Amino acid sequence: MIDPAGLAALALLILAAAAIAGMDLGELRALYDACSGRVMAVALHLLRDRGEAEDVVQETFLELWRRASAYDPARGSREAWAVLIARSRALDRLRARGSARHALERAAEDPVVPPPPLIELAEARQLRSRVQDALAMLPAPQREAVELAYFGGLTQVEIAARVGEPLGTVKTRLRLAMEKLAAHLAEGGS
Amino acid sequence: MTCAEVVELAGAFALGALEREERAAVEEHLAGPGPHQGCLDAVDRARATAAELSRVLPESRPDPGIWRAIEARTGATSRPQRARIGPWGWAAAAAAVAALAFLQLERLESRRQRAESRQARAELQALAGERDRLRAEVGALAAAGALQGDALALLDRPGTRLVSLEPQPGQRGRGVAIVNVAEGRAVVASSSLAPPPGKTFQLWVIRGAAPPRPAGFLQQTPGGAAGEVDPGLLRGPPPDALAVSLEPAGGSPSPTQVVLVGKVAG
């Protein structure tokens, strides 16, 4: 039999656990419905392996669940957080197997997946156009640096080696490109 | 590492383009007590931008089993939620309805041969009614599928653009119009509109100060509602706007309750 002090301690533990969780399963499910397609797309693009990408999706949402109390809305949306976690996990896997360059070279081989419903597709297309416009307005060397980093999964050092430019030049290109993209996307609204 | 150095590296950090040691140094700085001077804001801004870049990639749905695995690993259960029905689900439903209709027709046929009594004739009539209902259902599903196929094809045509349909004051929901002015075609779709019983969503083409022209109806499709704007109303210069209104079944000659409006021209 549990004594009253034990019960009180148990209650405190449960309350503490609830406070730490900071998100119930329904909220996690809503977040999953809203952005698992993007999370999967990011992981799949870098890893080119559906099974591994789905592992990243699992890891991402479990991390969001476990670290829910660390989320600060002032620092960005949960969706953006999910995408960044997924990309970070995918990059870790990619670099662990030393295949960032291979991923870049295989980037054209999009895997065959069932098409999403029309409405989702149309809305996603609208948001995609906005980002594509922002990328298109960058000077070509800056756009190339961003694409090699984001879609190719290369580091600054690897980009410098690939394009044959000094590391300092690549760093400047990435910094300027990200500043311009941020300004352009902010102008267009979200 | 200083705040100024982190600001300098924020973009590359958010893109995951730093070498391991540099990345660890940035993370250590950000986790430090501060005071920070602009570095947290710079990193947040760069992270938000990097997250937006993912929109360039076509979305890809994970296997449905992935959510179940996540749910199991959280060690909790959620209230059952309504399952989403994807295009393949609708296709399967259409196939099932068609198979059912076929089986019912077969049954109808065999019953017809044995129908000698009044009771059998009554049953025959009931089955015929059921057959007609199933045929209508299959027809509606096929029409929705055809519309979806047309809209997807239109989406890929050169010159096609997307127009946001925004809710009017006091209204909810949103939509998107896939518009190709050169081809005089437009499809309106919304994932959040479902008409109440006895009502329908009607499409309108708006040009200048002229009264809105009725341009068709939205029909229920997988994942929402969609409808093609009457191509006859899209000839010539592009319309100023497209609108969706809630109307009694059968529609109205002028809009009763405008729900969504999207500006096309300009």
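The following paragraphs describe the two chains of this predicted model, from their overall make-up to individual residues.

Chain A is built with nine helices and zero strands. Read from its N terminus, the succession of elements is therefore α-α-α-α-α-α-α-α-α. Of its 190 residues, 35% count as buried. The contacts of chain A can also be examined by sequence separation: taking those between residues at least 6 apart in sequence, 69% join residues at least 24 apart.

Chain B combines six helices with nine strands. It comprises 266 residues, and 30% of them count as buried. For chain B, the portion of contacts joining residues at least 24 apart is 58%, again among contacts between residues at least 6 apart in sequence.

The strands of chain B can be followed across a sheet. Nine strands form an open sheet in the order S5-S4-S8-S9-S1-S2-S3-S7-S6, and their pairing is antiparallel. At its edges lie strand S5 (213-217) and strand S6 (219-221) of chain B, each of which pairs on one side only. On average, and with direction ignored, neighbouring strands of this sheet are turned by 30° against each other.

One end of that order may be considered in detail. Strand S4 of chain B, spanning residues 199-206, runs antiparallel to S5(B), and three bridges join the two. At the level of residues, B:Val205 has B:Arg213 in S5(B) as its bridge partner.

Attention now returns to chain A and to a single residue, A:Leu84. This residue is found in helix H4 of chain A, which covers residues 78-96. Is A:Leu84 buried or exposed? A:Leu84 counts as buried because it has 21 C-beta neighbours inside 10 Å, where the cut-off for a buried residue is 20 or more.

The surroundings of A:Leu84 involve both chains. Within chain A, the C-alpha atom of A:Leu84 is separated by 9.1 Å from that of A:Val42, although the two residues are 42 residues apart along the chain. Which residues does A:Leu84 contact, once its neighbours within four places in sequence are left aside? The contacts are with B:Arg47, B:Ala50 and B:Ala51. Thus A:Leu84, a residue of helix H4 in chain A, is in contact with residues of chain B.

Technical notes:
Residues are numbered from 1 along each chain as its sequence is written. Chains are lettered from A and ligands numbered from 1 in the order in which they are written. This is a predicted model: local features need pLDDT of at least 70, side-chain atom pairs count only at pLDDT 80 or more; totals for chains, interfaces and linings use all residues. Helices (H or I, at least four residues) and strands (E, at least two) are DSSP runs, numbered from the N terminus. A residue is buried if 20 or more other C-beta atoms lie within 10 Å of its own, exposed if 12 or fewer, and partly exposed in between; C-beta atoms are placed from the backbone. Two residues are in contact if their C-beta atoms, placed from the backbone, lie within 7 Å. Two strands pair if DSSP finds at least two bridges between them. Axes are lines fitted to C-alpha atoms, for helices over the stretch in contact, and angles run from 0 to 180 degrees between N-to-C directions.
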